[in-house]
Structure formats: structure tokens, C-alpha cells
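Reader: Could you give me a close look at one part of this model, the contact between domains? Once that's clear, I'd like to hear how the rest fits around it.

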Amino acid sequence: MKERYEKPVISRINAGIPDKFGMSSRIRQVSSINNVPVQQIVEQYGSPCFVISEQTIRNTYKDAYRAFSTRYPKVQFAWSYKTNYLDAVCQVFHNEGSWAEVVSIFEYEKALANGVPGNRILFNGPEKSADDLIKAVQNGSYIHIDHFDELYTLIGITQNADKTAKVAIRINMDTGVYPKWDRFGFNLENGEAWNAITRIMMQDKMELVGLHTHIGTYMMTPDPYGVAAAKMSKLMIDIENRFNHTLTYIDLGGGFASKNTLKGAYLPGKDTCPSFDQYADAITNAIISSGIDIDKLPTLFLETGRALIDDAGYLIGSVKANKRLSDGRKSLVIDIGVNNLFTSFWYNHDIFPAFTESKVLEDTTIYGPLCMNIDIIREAILFPPLEPGDNVVIERIGAYNMTQWLQFITLRPNIVLIDTKGQMHLIRKQETIDTFKAQEQYPEHLKPKEI
Ligand SMILES: Cc1ncc(COP(=O)(O)O)c(C=O)c1O
């Protein structure tokens, strides 16, 4: 094959910011995902295209489950729907044994449609309507009450209901992480949590079954989980002593970091991210040593999101143009914008060429295709010269992008799942103009005239 011509580049040598690992002169190329060539994926499903590896989800889940279940006898994961609620993805988690954790009636109905029984759904979130709560009570779901108004609505509903509501309260507390995550739930230190617990214990048609907390997200150290688990266990013991009532579970929410690198971080996320074993140590040590009777140990629920799915997601794109900025800096325009890669607002995502022969890396800014100044995928990355049409692969994008994406300027692309045998399956079709036509309508007087 004839080698591709590369324009020579003259670049001023400057010391740059010292990096512990020295200056890299090579970039990894990602020419396949789970042995399926990137080129084949693009030929079949276009560019950009999201790709999900079923094998990676299963491996990551198994690793997390092993870390907790080898340290603690009763562990139950509940898949955090908002992190990625593609039906096929949810099914992989349910298939591995996960319950569902939802934060809206839309997610709740998605979980039911995915075949999750009502009594395996944890219903979180600050906005549940009276109708949502009635449905959850009827289905025997676990309702995690967020605030007093929700509590009073639920009390009103259950007073006339034939079924007892299974409830937990969401607790917020000082875990040593600041600013405190106190927007959701009842505060432990100021007595709000006890107020709510006592009101629930006075109800005939409400059973307090658990305690829930979600202490933050992308928690870079396991220590706050140890603090939270100790405080939740102590609260459980105090409830037992005061009301002679044993709770069946403690839910530590989500928040484990993924291996992505936060903007401004000195070291790459894959080097700083605690392992599942470290999180499991912090949490289970605190519960085991709390003094709870071993025959009354609560089930430990985990609503881990990003740490279970980030690694399984890829976004393939294509180079659209090369540009030099006015100061001589190199830039690339690709067909992946921040509308499809929402997490690029807080992560420096790893981006790789699908193919390169070049041994020259140049400091490059990577822009998306949107006609908006904010559409920057990487402000600065050492990248080889690529030509329009060449493919790039962005790794670790499985969490939050396929739920927080924006329909803005361009349409959402295809999503493909590669199964454990290496077969590709289209799991969400790309949007077309008809997707939008189906939703919009003209008032009679604004209907387009036939030309
Ligand atoms: C209640 C609750 N549980 C679980 C999660 C998942 O969090 P993460 O993706 O950080 O693990 C979230 C995310 O914000 C949440 O609010």
C-alpha cells in the first residue's frame, strides 16, 4: 500500500507542563471494538455511532458483585436507570441479577416494561406525583421518600388504601465531603431524619423497611462511604432500640468514580479511580463493625451507575476537516459534538484514531460539528495528523451520554450493541426528520401551503 503523504509541520519547541510520564510520542490506535473492525461498524451503521460492549458490562458487573459479596452476605445491586436506560442495556443488568433504581415515572414504566416486577424497583427522586405514588404502592415497590411534602402526600394516599406502602427515607449527612450533598432527602444531623422516621412509624399503612443515601457522584475516595455506612448502621440500631423495629436494608446509592479523567485532574482517572474492592472494604467494614446483630444484618443495596457502564461505551466518529487557528494551532473538526457527548463538559475523554501510520503528534484542539463556540470535545490533546473521512474512537462514554444527550442541530445517531459472541445488534435507531415531524404540529393557520 502506498504510504499517505503528510505535510511537514514546523513547531516551536517549548518545555510545556512537566508530566510525570514524560512526553508521549505515540498514540494508541483503536481499530476494533471487541474484535469488530471500526470500519465495518461505520460502513454498516454510519458515523457517528455509539457502540456498547455487552461483554464489558457483564465483566464489570461481575467484578463489582464479587467485591461486595465476598465481604458481605447480603448484597443487591439496583441498576440506576438514569445512567443509561437503553432497554437492551437495562436487560443485561437485570439478566445479571440487578433490580431497577428509578427516579421518575417514565423510568418506572420503562423498568416495568423491561419485565422488572414492581417489588424489585427502588423508586427515588424528588418529584413523584400522587398518581405515581399510588402506582408504586399498588405494585409493592420500595418508595424512597425525599421530603416532607412527599411524606404527607403518601400518608394521605395510604390512609385510604388497602395496601401497606413499603418505604425508606433518603438521608443526607455530613460525610466529610464539601460542599455537602444536602439537597435531597432528610438531614441526619439536624433531626429532620428522626422527625420523618417517627411520623412513618406512627402510620398503620406504612412500613419503614430501609434507609437510603446517595452521598455524591464520582467520589474519588472510599472514605466518605465508610462514614455514611457507619452513620446509617447506627441509625438502624437506634430505630431498633427506640421502636423495636428491624429494618431490612441499607441503600448506599451510587457515586463510585469511573476511570474517566476529570477536567483539571493531574493524573489520569484510570490511575486514581478506587477499585470496587476498596469501596467494598469501606462500606462493609463499617456495617459489620457497627454492632448490628449478625442475624439482623440488613441487605446492602447499591445503585452504582457510571462505574458499571462507562467502560462499556464507545463513540465512533469521523474527521470532517483540518484547520489552523489564527495562532497556528492545529485543530480538527469531527462529527461528534457536545450534544452527543454531554460528558465532555466535565471529562477529558480519551480519543484515539482508528488508524494512523504517523509518528508525529501535534497539540490539537478537537471541535465538534455544531455552529456553537462551546462545541469543544478536547481543548488540547496530542494527536496525529488525520484526513477528512478518517475515524476516531472515544472510549468510556457509557454513562449519562445516552440519557443526557441533547437533540440540538444534529440528530441522535445509531446505537449498536456487540454481544458476547461478537455479533452486532442495532439497539436504538438513529433519529430522522420524521422523528420530529411525528411530535410537532402546525396550528391550522400556519400550515405550509402546497407549492
Ligand atoms: C439516587 C441515585 N442513585 C444512583 C445514582 C447513580 O450515580 P453514579 O452514576 O454516580 O454511580 C444517582 C446519580 O446521580 C442517584 O441520584
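Author: Let's settle one term before anything else: two residues are in contact if their C-beta atoms, placed from the backbone, lie within 7 Å. Bear in mind that this is a predicted model, where local features need pLDDT of at least 70 and side-chain atom pairs count only at pLDDT 80 or more, while totals for chains, interfaces and linings use all residues. Residue numbers start from 1 along each chain as its sequence is written.

Now for the domains. Domain 1 is made of two stretches, 32-52 and 311-437, and domain 2 runs over 54-310; these bounds come from an automatic or database domain assignment. Where the two meet, 22 residues of domain 1 are in contact with 23 residues of domain 2. On the domain 1 side, helix 12, strand 19 and strand 20 (424-428) each supply at least two of the touching residues. (Helices, H or I and at least four residues, and strands, E and at least two, are DSSP runs numbered from the N terminus.) Strand 19 gives the largest share of that side, with 3 residues. Sorted by class, the domain 1 side has 11 nonpolar, 7 polar and 4 charged residues. For that sorting, Ala, Val, Leu, Ile, Met, Phe, Trp, Tyr, Cys and Pro are nonpolar, Asp, Glu, Lys and Arg are charged, and the others, Gly among them, are polar. Taken over C-alpha atoms, the centres of the two domains are 33 Å apart.

There's a backbone oddity worth a glance in the loop between helix 12 (401-404) and strand 19 (414-418), the place where Ile-409 is found. Although Ile-409 isn't a glycine, its phi is positive, about 70 degrees. With 13 other C-beta atoms within 10 Å, Ile-409 is partly exposed; the scale is buried for 20 or more other C-beta atoms within 10 Å, exposed for 12 or fewer, and partly exposed in between, with C-beta atoms placed from the backbone. Asn-34 plays a similar trick: here too phi is positive, about 50 degrees, in a residue that is not a glycine. You'll find Asn-34 in the loop between strand 1 (32-33) and strand 2 (36-37), and its 19 C-beta neighbours inside 10 Å make it partly exposed.

Two prolines deserve a look as well. The bond from Ser-47 to Pro-48 is cis, with omega near 0 degrees, and Pro-48 sits in the loop between helix 1 (38-45) and strand 3 (49-53). The bond from Tyr-178 to Pro-179 is cis too, with omega near -5 degrees; that proline lies in the loop between strand 8 (165-172) and strand 9 (186-187).

Next stop, helix 4 (105-113), which holds Lys-110. Glu-107, Tyr-108 and Ala-111 are buried in helix 4. They span an arc of only 105 degrees around the axis, so they end up on the same side of helix 4; the arc is that of the directions from the helix axis to the C-beta atoms. That buried set packs against strand 5 (99-102) and strand 6 (121-123). Turned away from it is a face with the exposed residues Phe-106 and Ala-113. Lys-110 itself is partly exposed, with 18 other C-beta atoms within 10 Å. Beyond its neighbours within four places in sequence, Lys-110 is in contact with Tyr-81 and Tyr-85. Just after the helix, Gly-115 takes a positive phi of about 85 degrees.

Then there's the ligand, with 16 residues around it, the closest being Thr-217, Gly-254, Glu-303, Gly-305 and Arg-306; a residue counts as near if its C-beta atom, placed from the backbone, lies within 6 Å. That shell has 3 nonpolar, 10 polar and 3 charged residues.

Zooming right out, the protein chain has 13 helices and 20 strands. Its radius of gyration is 25 Å, close to the 22 Å that the globule rule gives for 451 residues, so the chain is as compact as a globular protein of that length. (That radius is taken over C-alpha atoms, and the rule is 2.2 Å times the number of residues to the power 0.38.) Along the principal axes, the C-alpha atoms fill a box of roughly 80 × 65 × 45 Å. Buried residues make up 41% of the 451. Finally, of the contacts between residues at least 6 apart in sequence, 70% join residues at least 24 apart.
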